[in-house]
Amino acid sequence: MERIEHRACFGGWQDVYRHRSEVLGCDMTVGVYFPPQAAQGKKLPVLYWLSGLTCNEQNFITKAGAQRYAAEHGIIIVAPDTSPRGEDVANDEAYDLGQGAGFYLNATQDPWAKHYRMYDYIVEELPAWVEADDAASDVRAISGHSMGGHGALTIALKNPGRYRSVSAFSPIVAPTQVPWGEKAFSAYLGDDPEAWKQYDTVELLKSAQEKLPLLIDQGDADEFLEGQLKPQLLREAAEAAGHPLQLRMQPGYDHSYYFIASFIGEHIAHHARALRG
């Protein structure tokens, strides 16, 4: 592993690392924020942040303003890239497929299957790398935005007991029913819609083994609200399954990091309460 950025921030350090991923078959970059408590020899809980389409590790660590709150609560934040990258990694000219658009699943179709195994990377390989550090514990939370909100919700629901809490901003909650998901899933997973359901939050709620409360913030001025995000489908699924959901429609907010920065403190406080428990 190679540390390529090291910047003082709210009494701690915002680092960026490059490491070889055996799961993805390429080098990956990961932002890691160590709050000041990490220098005190304490094992700290970890919040994994999953970003959205077109993003890499830089978007969250430079725009969300999360470090202030992570320092206040003593939480490490890990923000990986959104997909495998490199000259030999399959790509597409469109922004919603290929590099920058891994969708946090394990691809089964060529040419994507060789590298696009973001689910295994986020669930297994990345935490093993993080928790090898003396400052990090195996007490975890997960959150994300848009495509990353989809990833956070599905990963938490598919791995009961692995995360203490989960939240999302503007998540794609029903990818099997919207254009972004239909395009990506047909490419990565093939043409059988039944295979897609394993990565669909609305579908996963029907048989969730753990009733982990879902905290969702969604801007009502989001340009993708009606066509791609459809939070009402999540509300209906949660009510049908008796699954705890706090869906907060925020007036005037769009899909941007201005929205995330406005409420990230409340999300980190939500995770801090669960992580302490």
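**Exercise 1. Place His115 in its surroundings.**

Leaving aside neighbours within four places in sequence, His115 is in contact with Leu24, Gly25, Pro84, Asp88 and Val89. Contact here means heavy atoms within 4.5 Å. The model is a predicted one: local features need pLDDT of at least 70, side-chain atom pairs count only at pLDDT 80 or more, and totals for chains, interfaces and linings use all residues. Residues are numbered from 1 along each chain as its sequence is written, and side-chain values use heavy atoms, with hydrogens and water left out.

Task: find the element that holds His115, then decide whether His115 is buried or exposed.

Solution.
- Step 1. His115 sits in the loop between strand S5 (76-80) and H3. Helices (H or I, at least four residues) and strands (E, at least two) are DSSP runs, numbered from the N terminus.
- Step 2. The relative accessible area of His115 is 3%. Buried means under 20%, exposed over 50%, and partly exposed in between, with a 1.4 Å probe and protein chains only. So His115 is buried.

**Exercise 2. Inspect the backbone of the S5-H3 loop.**

Task: which peptide bond is cis, and what is the sign of phi at Tyr104?

Solution.
- Step 1. The cis peptide bond joins Asp110 and Pro111, with omega about 0°. Pro111 is placed in the loop between S5 and H3.
- Step 2. Tyr104 lies in the loop between S5 and H3. Its phi is near 55°, a positive value in a residue other than glycine.
- Step 3. The relative accessible area of Tyr104 is 0%, so Tyr104 is buried.
- Step 4. For another positive phi, go to Ser170, where the value is near 45°. Ser170 is in the loop between S7 and helix H5 (179-189). Ser170 is buried too, at 0% relative accessible area.

**Exercise 3. Trace the strands around S6.**

Task: which strands pair with S6, and where does Ile142 fit in?

Solution.
- Step 1. Strand S4 (residues 44-50) and S6 run parallel, joined by six bridges. Two strands pair if DSSP finds at least two bridges between them.
- Step 2. Strand S7 (residues 166-169) also pairs with S6 in the parallel sense, over four bridges.
- Step 3. Ile142 is the bridge partner of Tyr48. Ile142 also stands opposite Val166 in S7.
- Step 4. Follow the chain from S6 through helix H4 (residues 147-158) to S7: this β-α-β crossover is right-handed. That is, with the strands pointing away from the viewer, the path from the first strand over the helix to the second runs clockwise.
- Step 5. Nine of the 10 residues of S6 (residues 136-145) are buried, so S6 is largely enclosed by the rest of the structure.

**Exercise 4. Map the nonpolar cores.**

Task: how many residues form the largest nonpolar core, and which have the most contacts inside it?

Solution.
- Step 1. A nonpolar core is a set of buried Ala, Val, Leu, Ile, Met, Phe, Trp, Tyr and Cys residues joined through side-chain atoms within 4.5 Å.
- Step 2. The largest one has 69 residues, and Phe103, Ile142 and Tyr188 have the most contacts inside it.
- Step 3. Helix H3 (residues 118-131) gives the most to this core, with eight residues.
- Step 4. Apart from this core lies another, of 25 residues, including Trp49, Val139, Ile260 and Phe263.
- Step 5. Return to Ile142. Not counting residues up to four places away in sequence, Ile142 touches Leu47, Leu50, Ile122 and His271, among others.

**Exercise 5. Check the cysteines.**

Task: how many disulfides are there, and why is Cys26 not bonded to Cys55?

Solution.
- Step 1. A disulfide is a pair of cysteine sulfur atoms within 2.5 Å. The count comes to zero.
- Step 2. The cysteine sulfur closest to that of Cys26 belongs to Cys55, 17 Å away, so the two are too far apart for a bond.
- Step 3. Cys26 is buried, with 3% relative accessible area. Cys55 is buried as well, at 8%.

**Exercise 6. Describe Gln198.**

Task: where is Gln198, and what does its side chain reach?

Solution.
- Step 1. Gln198 lies in the loop between helix H6 (193-196) and helix H7 (201-205).
- Step 2. Its relative accessibility is 34%, so Gln198 counts as partly exposed.
- Step 3. Gln198 touches Lys158 and Leu204, not counting residues up to four places away in sequence.
- Step 4. The Gln198 side chain reaches the backbone oxygen of Ala195 at 3.0 Å.

Definitions and conventions: A polar contact is a pair of N or O atoms within 3.5 Å; within protein, one must be able to donate a hydrogen and the other to accept it, and residues adjacent in sequence count only if both atoms are side-chain atoms.
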